[in-house]
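Hi everyone, thanks for having me. I'd like to walk you through a structure, starting from the inside and working outwards. Have the picture up while I talk, please.

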Amino acid sequence: MKNQKKPHSDHQRYITEGFLEGNHERIEEIYGKFKKPLTSWIMKNNGTFADASDVFQDVMIILTDLAYSPKFVLTCPMGAYLFILFRNTWMDRLKQKGQELKVRNSELERFNKGLDTQQLLDEAQREQKMQQLLDRTFGQLSTTCQQLLSGIKEGLSTKALTEKLGMSQANTFYRRKFACMDRWRSLVHEDPEYRLYLSPS
């Protein structure tokens, strides 16, 4: 039997307070602290700013799903875990284009130094399989949810999106954002492929 995973301090800060308790400041902190360096990494590795925004939002959806899994424990710093998910997602896209060898291994080593890399990669590999489900279930969301989440992917600011969607204030936007993400997650969980192959054992 494997030893029980010991949570990193970032588990309480971001997973518990941010996702489970709905502390929007913690979620915004993830964007504020980690989106810029991850965007920079992609732009150094055959990607564009738009690619980075798209991948970051996909990773945030994956992280949201993980946060609500009772067996998920963040055992390393949030930045390191995000990078593994981020890199795996980007590598998967590059593989589809036959360009994965262009990503510099030195960058991976720099971010992974001192971490339990195999554990992170194993978990990230499982989440890669969910990408197909995300695309399939996105079309089942309401028009408002699709517009809101698409706007986030495009890098639109909270102010621009609240105006575009006719929301009166930022708090309304955040509530709707998490409601949409919750609905998307529910659709993923209800999918037969998720229940058969991707549900945590």
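Before we start, one term: when I say two residues are in contact, I mean that they have heavy atoms within 4.5 Å of each other. And keep in mind that this is a predicted model.

Okay, the overall layout. The chain has eleven helices and zero strands. So if you read along the sequence, the pattern is just α-α-α-α-α-α-α-α-α-α-α. There are 201 residues in the chain, and buried ones make up 46% of them. Here's something about how the chain comes together: take the contacts between residues at least 6 apart in sequence, and 72% of them join residues at least 24 apart.

Now the inside. In soluble globular proteins, nonpolar side chains tend to be buried together. In our model, the largest nonpolar core has 53 residues. Which residues have the most contacts inside this core? They are Ile-30, Leu-63, Met-78, Phe-86 and Leu-149. As for helices, the ones that each give two or more residues to the core are α1, α2, α3, α4, α7, α8 and α10.

Let's zoom in on Met-78. Which residues is Met-78 in contact with, if we leave aside its neighbours within four places in sequence? The list is Asp-10, Tyr-14, Ile-15, Ile-30, Phe-34 and Leu-63. Two names there, Ile-30 and Leu-63, also turned up on the core list a moment ago.

Helix α4 has another residue for us, Leu-94. Is Leu-94 buried or exposed? Its relative accessibility is 0%, and the cut-off for buried is under 20%, so Leu-94 counts as buried. Along the chain, Leu-94 is 49 residues from Asn-45, and their C-alpha atoms are separated by 10.0 Å.

Next, empty space. How many cavities of 30 Å³ or more does a search of the whole structure find? One. The largest cavity holds about 60 Å³ of space. Its lining is made of Ile-61, Thr-64, Asp-65, Leu-134, Met-181, Trp-184, Arg-185 and Val-188. Helices α3 and α10 are the elements that give two or more residues to that lining, and the largest share, four residues, comes from α10. Sort the lining by class and you get five nonpolar, one polar and two charged residues.

Now a little detail in helix α9, which covers residues 158-164 and contains Thr-162. A polar atom of the Thr-162 side chain lies 2.8 Å from the backbone oxygen of Lys-159. Thr-162 has a relative accessible area of 9%, so it is buried.

Let's move out to the loops. Glu-154 is in the loop between α8 and α9. Why does Glu-154 count as exposed? Because its relative accessible area is 53%, and exposed means over 50%. Glu-154 and Gln-57 are 97 residues apart in sequence, yet 9.2 Å apart in space, C-alpha to C-alpha.

Then there's Thr-75, in the loop between α3 and α4. With a relative accessible area of 26%, Thr-75 is partly exposed. The C-alpha atoms of Thr-75 and Lys-6 are separated by 6.1 Å, although the two are 69 residues apart along the chain.

I saved an oddity for last. Most residues other than glycine have a negative phi. Asn-46 is not a glycine, and still has a positive phi of about 70°. Where does Asn-46 sit? In the loop between α2 and α3. At 39% relative accessibility, Asn-46 counts as partly exposed.

That's my tour. To recap: eleven helices, a largest nonpolar core of 53 residues, and one cavity of 30 Å³ or more. Over to you for comments!

Note on methods:
Residues numbered from 1 in each chain as written. Predicted model: local features only at pLDDT ≥ 70, side-chain atom pairs only at ≥ 80, totals over all residues. Heavy atoms only, no water. Core = buried A, V, L, I, M, F, W, Y, C linked by side-chain atoms within 4.5 Å. Buried < 20%, exposed > 50% of the residue type's maximum accessible area, 1.4 Å probe, protein only. Polar contact = N/O pair within 3.5 Å; in protein donor to acceptor, adjacent residues only side chain to side chain. 1 Å grid on protein atoms, 1.4 Å probe; cavity = no way out; pocket = protein on both sides within 12 Å on 5 of 7 lines; lining within 4 Å. Points joined across faces, edges and corners; volume = space filled by probe spheres on them. Nonpolar A, V, L, I, M, F, W, Y, C, P; charged D, E, K, R; others polar.
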